[in-house]
Amino acid sequence: MAEDSFQDKTEDATPKRLEKAREEGNVAKSVEFNSVVMLFAGLMSLSFMGTHIFSKLVSGFRIFYNEAGSMSLTSDSINYYIHLGVKSFLSLVGPFAGVMLLVGLAANISQVGFMFSPKALAPKFSKVNPIKGMKKLVSPKSLVELVKGIVKLSIIGTIAYSTLMGHQDEYLRLMNESVGGILSFIADVMFQVAIRTTMALLLLAIIDMIYQRWQYKRDMRMSKQEVKDEHKQAEGDPLVKGAIRSMQQQRARERMMDKVPEADVIITNPTRLAIALKYDPDELGAPVVLAKGARLIAKKIREVAEKHNIPIYENKPLARSLYKLGEVGKEIPAELFRAVAEVFAFVFQMKNRRN
């Protein structure tokens, strides 16, 4: 069957479809936003910890070079220096890496919430299918990514150029600066370029995040037929439900008809309606409706009554009221007590005469 055309997908995705897509790892997420937020966090971390890290590295190299001539290279000393180097490296880089990890998780959670999708980790042939890969190269999404790349390069180039030109009056002064001063100036300018670029890219990333959510909602749209099919799966096929309901009604009628032989009287319309009543003064507070029915069911009730010699009493108004207000298995309504009592008085009187 051919897939529905894009124009046919006019309905918003149902919660079930969105949940299924989420289980497969298909969510609205901007990779640009995560990357820029982590870049910004990295720059801020370097601005606070960069001097400390640099000074510790310089101090460590000085100690190493000062002691290089007197070092005795043995297996124990090599293990010691390796252990010391790894420990120093982790103490310097660990906090920075920890900040980056937490920021990365926070950026991802802010977009999609807490989510773990094993299906997204499973290998898929479609991801390495060259035919689908070629289709992606000429898709509207690839065009959008190309435009985004060009815009980002333009932003970075413009910011870098304007920042460098903003310090052009200071370049001649560098001729009289020490190597440390020159490096400090270069680092400062590079940091300015990085911060300004990051802020511009952050704005672009927010726009991209809004676009990705719009695109995701658009891609997840469903056709009216898909919505109907999903609803049918969730609620069940109407034909099957109708068959089940019919079977339940049939069983209820059979159980009802099994109670008819216990009735004391059958009140009829005379042919269209039939209501079977039972009354035991010692056990019941009021007569109980054992069965009721119209047309064919009424006919069956009368046939069972005739077979078991149950009195049949014709009273059209009372039959209509009992059929309308009475419930099978429950006592008759209070407003019908008097009329029904007259019927049972007549029935019991007839029984006494026979006896």
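How exposed is K330, in terms of relative accessible area? K330 is partly exposed, at a relative accessible area of 46%. Keep in mind that we're looking at a predicted model here. Below is a quick tour of the salt bridges, the aromatic contacts, one helix and the strands around β1.

**Salt bridges**

- The count of salt bridges comes to three.
- K330 takes part in one of them, with E327 as its partner and 3.3 Å between the closest N and O atoms. E327 is partly exposed as well, with a relative accessible area of 45%.
- E32 and K152 make another, with N to O at 2.9 Å. This one links distant parts of the chain: E32 belongs to helix α2 (residues 31-68) and K152 to helix α6 (residues 140-166), 120 residues apart. K152 comes out as partly exposed, at 21% relative accessible area; the cut-off for buried is under 20%.
- D208 and K148 meet in a salt bridge too, at 2.7 Å from N to O. D208 sits in helix α7 (residues 179-219) and K148 in helix α6, so this pair ties together parts that are 60 residues apart in sequence.
- Both ends of that D208–K148 bridge are tucked away: D208 counts as buried at 6% relative accessibility, and K148 counts as buried at 13%.

**Aromatic rings and a lysine**

- There are three aromatic pairs by count. Among them is Y279 with F344, an edge-to-face pair with 5.7 Å centre to centre and 65° between the planes. Edge-to-face calls for planes over 60 degrees apart.
- Where do the two partners sit? Y279 is in the loop between β2 (273-278) and β3 (288-294), while F344 is in helix α12 (residues 337-354), so the contact ties together parts that are 65 residues apart in sequence.
- The two rings differ in exposure: Y279 is partly exposed, with a relative accessible area of 24%, whereas F344 is buried at 4% relative accessibility.
- Another ring has a charged visitor: K292 lies over the face of Y323, 5.3 Å from the ring centre.

**Helix α10**

- Does the length of α10 (residues 296-307) come out stretched or as expected? Its twelve residues should span 16 Å at 1.5 Å a residue, and the end C-alpha atoms are 17 Å apart, which agrees.
- A298, I301, R302, V304 and A305 are the buried residues of α10. Looking down the axis, these buried residues fall within an arc of 160°, so they line one face of the helix.
- The other side of α10 carries exposed residues: L296, E306 and K307.
- N309 follows α10 and has a positive phi, near 55°.

**Strands around β1**

- Strand β1 (residues 265-268) has V265 and I267 pointing one way and I266 and T268 pointing the other, and all are buried.
- How does β1 run relative to β2, parallel or antiparallel? The two run antiparallel, joined by four bridges. They form a hairpin with four residues between them, and I266 stands opposite A276 in β2.
- β1 also pairs with strand β4 (residues 312-314), this time in the parallel sense over three bridges. Here T268 stands opposite E314 in β4.

Terms used:
Residues numbered from 1 in each chain as written. Predicted model: local features only at pLDDT ≥ 70, side-chain atom pairs only at ≥ 80, totals over all residues. Heavy atoms only, no water. Phe/Tyr/Trp six-rings, centres within 6.5 Å; stacked < 30°, edge-to-face > 60°. Buried < 20%, exposed > 50% of the residue type's maximum accessible area, 1.4 Å probe, protein only. Lys NZ or Arg CZ within 6 Å of the ring centre and 35° of its normal. Expected span 1.5 Å × (residues − 1). Arc of directions from axis to C-beta. Salt bridge = Lys/Arg side-chain N within 4 Å of Asp/Glu carboxyl O. Pairing = 2+ DSSP bridges.
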